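I opened a notebook page to record what I looked up, one entry at a time. The first thing I wanted to know was what surrounds the ligand.

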Amino acid sequence: MRIEDHTLNRLFFDWLLPIAIFVIIWIFISRKMSTMGSGVLNIGRNRARIHADDGPKVTFKDVAGVSEAKMELEEVIKFLKDSDYYKSLGGHMPKGVLLVGPPGTGKTLLAKAVAGEADVPFFSMSGSDFIEMFVGVGAARVRDLFEQARKKAPCIIFIDELDAIGRSRGAAQMVGGHDEREQTLNQLLVEMDGFDTTSGVVVMGATNRPEILDKALLRAGRFDRQIVVDKPDYKDRVEILKIHIRKLKLGEDIDLDVIAQRTPGFVGADLANICNEAAILAARHGHKAVMMSDFEAAIDRVLAGPEKKNRVLSPDEKKRVAFHESGHALVAVNVPTGEPVHKVSIIPRGVGALGYTLQLPVQEKFLSTKNELLDQIAVLLGGRVAEELIYGDVSSGAQNDLERASQIARAMVTQLGMSEKLGPITYGEEQRAQYLGVSGGTERNYSEATAKAIDDEVKRIVTDNLTRVRHILKENREHLEKLTAHLYEKEVIYGRDVYAICNVPAPDKKEKG
Ligand code: ADP
Ligand code: MG
Ligand code: ZN
């Protein structure tokens, strides 16, 4: 009796129960499949969401700074709002608009705001959503996304993290994933070519790594318009903070200027994060409102975060960088053939560059004269010499400048025949073996004595210019200080201000052509 009981039990739990469970699951799955229609489990079906429907609408009011990007996007908005009018004019819209900028600068937010401003549906997917385990799924999703969008035109298709699918096809890739991504990318290209610009669908993309994108994506008729979304400067940071403190209850001692002052290099996402952290800290300390001390602590916490280290300069460092960049700019406007200074910035970018001085040639140049090259060397030395003049010592920040200055000087001597001493002869033979477009280097085809002469000559060119630059900066020390103070305050200044402060007439733009 007992034994029989036992075997009955075993029969039930080991055999009948699992089978019963299996049958129930089977019924459930087959039902589900029939309600979903075609396809095995519908893997390819899209997860694209229509953002216009969820949550409050995002508009340009929610995006601060980035005024240049906004201006360029105005046109897209106008087109979406009134595509019939544009069609009647035979107007031609860019199909693809690519937002390019560092992470957290508000690219996704801007795309949503364009949809909000134009009041059109917003289909968004992230590049990484397209890439699945199964080959062919990504391509199916792209097809589906465009199909859905075309039905709802005018509308926006937004592909975030475009680089996840749009990575250059030629580049070395990991095994696996490769085929899938290539198929997805090809499908995207096919879809973008497949609708014409009057259909009212605008494709927007965002990436922080435009340099790795497949060239095919950037061709005319695809993402042929690029809009840069840059890191905010001081003034913009204040504006961004104003947006994110709207939800907070603020104490009386809050000074947004000070917060913006302390956060050069921070992007919108960081600033939003700070506001959030400050509120959390205020609650933790039992404050009735968010106080300045909470913000200070929040900044420190965000700074201590994993990747943010070294990203913010101390006031002393910032001052030094301002002097350094002003040095470049001041020399550039004072040497006879200096290219026009367009913009000087001390907003840190990435790991290497703490600031930069941007010069734009009046017209595109294919030749450089000896004097122009000497002036270029002088401008490169300007940063270091300014530091030397003000602080009496130099910093590691000038390394790249020196490298480039020496390169130019060396090229003048060994390749361009611009040294009287060594004459119009080239030294060193370029290795013909080219590997993947990278030169194999140069082979030495001259004597030890010549090598020494070359080194001496390179050194002479650089030191001659060093003397010249020291002279220029000493003569104009007052301008250097003024320029630095202005730059320190504004963080980004433009050519017009630079020329005005240095008391040098701005170059004539009309010369162009
Ligand atoms: P990206 O797509 O460039 O990485 P996001 O658009 O995702 O950046 O920005 C993340 C968040 O940071 C936004 O949701 C917003 O809260 C905040 N933010 C970023 N840039 C701005 C800005 N210019 N103005 C206001 N808020 C911003
Ligand atoms: Mg984004
Ligand atoms: Zn420099």
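Entry 1, the shell around the ligand. I noted that this is a predicted model. I listed 15 residues around ligand 1, and Ala64, Gly104, Lys107, Thr108 and His244 come nearest. I then sorted the shell by class and got 7 nonpolar, 6 polar and 2 charged residues.

Entry 2, polar contacts of the ligand. I used 3.5 Å as the limit for a pair of N or O atoms. A polar backbone atom of Ala64 is 2.8 Å from a nitrogen atom of ligand 1. For His244 I found a polar side-chain atom, 2.9 Å from a nitrogen atom of the ligand. At Thr105 the backbone takes part again: one of its polar atoms is 3.3 Å from an oxygen atom of ligand 1. I also looked up the cover. On its own, ligand 1 has 560 Å² of accessible area, and the protein covers 78% of it.

Entry 3, where the ligand sits. Which helices each supply at least two residues of the shell around ligand 1? I wrote down helix 4 (107-118), helix 9 (234-244) and helix 11 (268-284). Next I asked why ligand 1 lies between domain 1 and domain 2. Domain 1 (49-169 + 177-228) gives residues to the shell and so does domain 2 (234-304), so the ligand lies between them.

Entry 4, a pocket. I looked up the second largest pocket, which has a volume of about 770 Å³. Its lining has 35 residues, and Glu68, Asp233, Asp236, Lys343 and Tyr494 lie nearest the centre. Several elements give two or more residues to this lining, among them helix 2 (67-81), strand 6 (225-228), strand 7 (341-345) and helix 17 (477-490). The largest share comes from helix 9, with 5 residues. Helix 9 was already in my notes as a supplier of the shell around ligand 1. By class, I recorded 14 nonpolar, 8 polar and 13 charged residues in the pocket lining.

Entry 5, backbone details. Where is the cis peptide bond? I found that it joins Ala153 and Pro154, with omega about 0°. Pro154 is in the loop that runs between helix 6 (137-151) and strand 4 (155-160). I also checked Asp119, which is not a glycine yet has a positive phi, near 60°. Asp119 belongs to the loop between helix 4 and strand 3 (122-126). Helix 4 had come up before, in the shell around ligand 1.

Methods
Residues numbered from 1 in each chain as written. Chains lettered and ligands numbered in written order. Predicted model: local features only at pLDDT ≥ 70, side-chain atom pairs only at ≥ 80, totals over all residues. Heavy atoms only, no water. Near = heavy atom within 4 Å. Polar contact = N/O pair within 3.5 Å; in protein donor to acceptor, adjacent residues only side chain to side chain. Areas by Shrake-Rupley, 256 points an atom, 1.4 Å probe, with all protein chains shown as cover. Nonpolar A, V, L, I, M, F, W, Y, C, P; charged D, E, K, R; others polar. Domains from an automatic or database assignment. 1 Å grid on protein atoms, 1.4 Å probe; cavity = no way out; pocket = protein on both sides within 12 Å on 5 of 7 lines; lining within 4 Å. Points joined across faces, edges and corners; volume = space filled by probe spheres on them.
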